[in-house]
Amino acid sequence: TQDAAIEGLAAQLMDDLDRPMTIWHLGPFANPSHGPHYGRSAAQVRVLSESTALDPATRVSLPQLKGLATAEMGNWGRAREELRGQDMTPLARRVPRLAPAALLVDGLVNERYGGNISSPAAAIQLFREQWLSLLDKPARSHELALTAAMGAEYAILRRYDAAATQDWPSARLLAGEGNWGVKQRYLLALFALLIEARQHEALQSVATEVATNESLRQAIGFDDDQRAWVEELGRLVGGEAEVDRSMVLRGQRDFRGHRDHASRILVDLMLSRQDLSAGAAELLPLIHTAGPGRGPLGALAWYDALTADLGVRIRAGKPQEARALLAEALQVMDPNVTLYYGRLCLLDASVKLLAGDFAQAREALERIAVATAASPSERALAALHVALLTQERPDRADLARVPPFWLGLLKGASAMGCGMQSQAVQDWSTAHQGAAVPAERHLAGALLAYARAPKQP
């Protein structure tokens, strides 16, 4: 269990107290959450909380630090409880090195569960202030790259592609000394953000610079295989080629430490077109069957690839395959997937409604009510649809809280399950118009095609 892992790490850390331990040494999300440092931040918080020599300023920060460390381990439901009512701003200002982690976690927890949500634009501006303060400090280039990397990851996770227009640190600033892994993490996160924002020329410029400038390539630590992959990425966004099986497998192999980022880039490329190409449709399973990766970014790539692949199966007239995919996805035991558990249950209910299996669809919806990771809007949507299934009067407050994509998705599936094809087309058109991200648009488009296709007698 997570608690046991933390206890073991804490015991190890207790033997390494020769140097003073303060919050300065803590860095949630500075390493992949399932990498060799998995649980280390949580263990450090535990050691600090038991220290009798802890200074008052550090002790005041422990509740926020505990929440950050819990989120790093993917336990978002517990992180929400630990951070409830906590103001992260003083921590971010008192310990600048923790500002990126504080902003990242605060933004994701508040967006998902509600609270004092700062706008993505305001958060990106804080990230920007942090990295600008480091531009004239070459000795802290590692910190600069990490801050920029987490800022780009924050924008991707918040689905805020407008952040791509910021003056992100140039690749040339990575030429100094510093950790290769952090530099690569930043560039790959920036590539993904630029693809999502359709800033293809900007991406090509950076990719070309990294691939052709030998001293810069060595400073970043890209080997020949990684350089070749980056070069091909530049050609792909330029429309000179399509993602193929080799590109996917090489991304997963050559960027093992940053597989999450390579997967995010590949999914963005596949879903960037209005219609999925036949080649891209065949490649989606390579992403989601490989598992959700090591952190929130990998889980997002996994979820989007899975959602789009559901659409591929339904468009092909094989909704039973979509149902089997969801059954497997709901069995994935990974802490980062808990962010998507509520949405997986909603998708599961939809494919069951599509087949007219209303009893099992209701069970899928009722699972959301007891899921600690479910968001208020997911709970409201599940309650609303259970009311519709039982012919009760829906709560107007629930109606006001639910996103149009999900409401249209479920209502259309119910209509189709009852044989009301024209109503399903209307509801899924609403879902298509309300889809906020490409994976949802592809799924809604596939459902529309399925509803309009002639059915076998």
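In the predicted model, His261 makes contacts that reach well beyond its own stretch of sequence. Setting aside neighbours within four places in sequence, His261 touches Glu153, Arg185, Leu188, Ala189 and Leu297. The residue itself sits in helix H14, which spans residues 259–271. Its relative accessibility is 8%, so His261 counts as buried, the cut-off being under 20%.

Some of these partners belong to a helix pair. Glu153 is among the residues that H8 contributes to its contact with H9, and Arg185 and Ala189 are among those contributed by H9. His261 is in contact with each of these three residues.

Helix H8 covers residues 141–157 and helix H9 covers residues 180–196. Their axes lie 8 Å apart and form an angle of about 30°. H8 and H9 are therefore roughly parallel to each other, since angles under 35 degrees fall in that class. The crossing of the two helices is left-handed. On the H8 side, the contact is made by His142, Ala145, Leu146, Ala148, Ala149, Met150, Ala152, Glu153, Ala155 and Ile156. On the H9 side, it is made by Val182, Lys183, Arg185, Tyr186, Ala189, Leu190, Ala192, Leu193 and Glu196. By residue class, the contact of H8 with H9 comprises 14 nonpolar, 1 polar and 4 charged residues.

A second pair is formed by helix H19 (residues 358–369) and helix H20 (residues 376–389). Here the angle is about 150°, and the axes are 9 Å apart. H19 is therefore roughly antiparallel to H20, as angles over 145 degrees are classed that way. The crossing of H19 and H20 is left-handed. H19 supplies Phe358, Arg362, Leu365, Glu366, Ile368 and Ala369 to the contact. These residues meet Glu378, Arg379, Ala382, His385, Val386 and Leu389 of H20. The contact of H19 with H20 divides into 7 nonpolar, 1 polar and 4 charged residues.

Totals for the protein complete the description. The secondary structure consists of 24 helices and 0 strands. The protein has 457 residues, of which 54% count as buried. Among contacts with a separation of 6 or more, 68% join residues 24 or more positions apart. The exposed area of the protein is about 19,800 Å². Carbon and sulfur atoms supply 51% of that area.

Note on methods. Residues are numbered from 1 along each chain as its sequence is written. This is a predicted model: local features need pLDDT of at least 70, side-chain atom pairs count only at pLDDT 80 or more; totals for chains, interfaces and linings use all residues. Side-chain values use heavy atoms; hydrogens and water are left out. Axes are lines fitted to C-alpha atoms, for helices over the stretch in contact, and angles run from 0 to 180 degrees between N-to-C directions. Helices (H or I, at least four residues) and strands (E, at least two) are DSSP runs, numbered from the N terminus. Angles under 35 degrees count as roughly parallel, over 145 as roughly antiparallel, 65 to 115 as roughly perpendicular and the rest as oblique. A crossing is left-handed if the near helix is turned anticlockwise from the far one by less than a right angle, and right-handed if clockwise. Contact means heavy atoms within 4.5 Å. Ala, Val, Leu, Ile, Met, Phe, Trp, Tyr, Cys and Pro count as nonpolar, Asp, Glu, Lys and Arg as charged, and the others, Gly among them, as polar. Buried means under 20% relative accessible area, exposed over 50%, partly exposed in between (1.4 Å probe, protein chains only). Accessible areas come from the Shrake-Rupley method with a 1.4 Å probe; for residues, only the protein chains shown count as cover.
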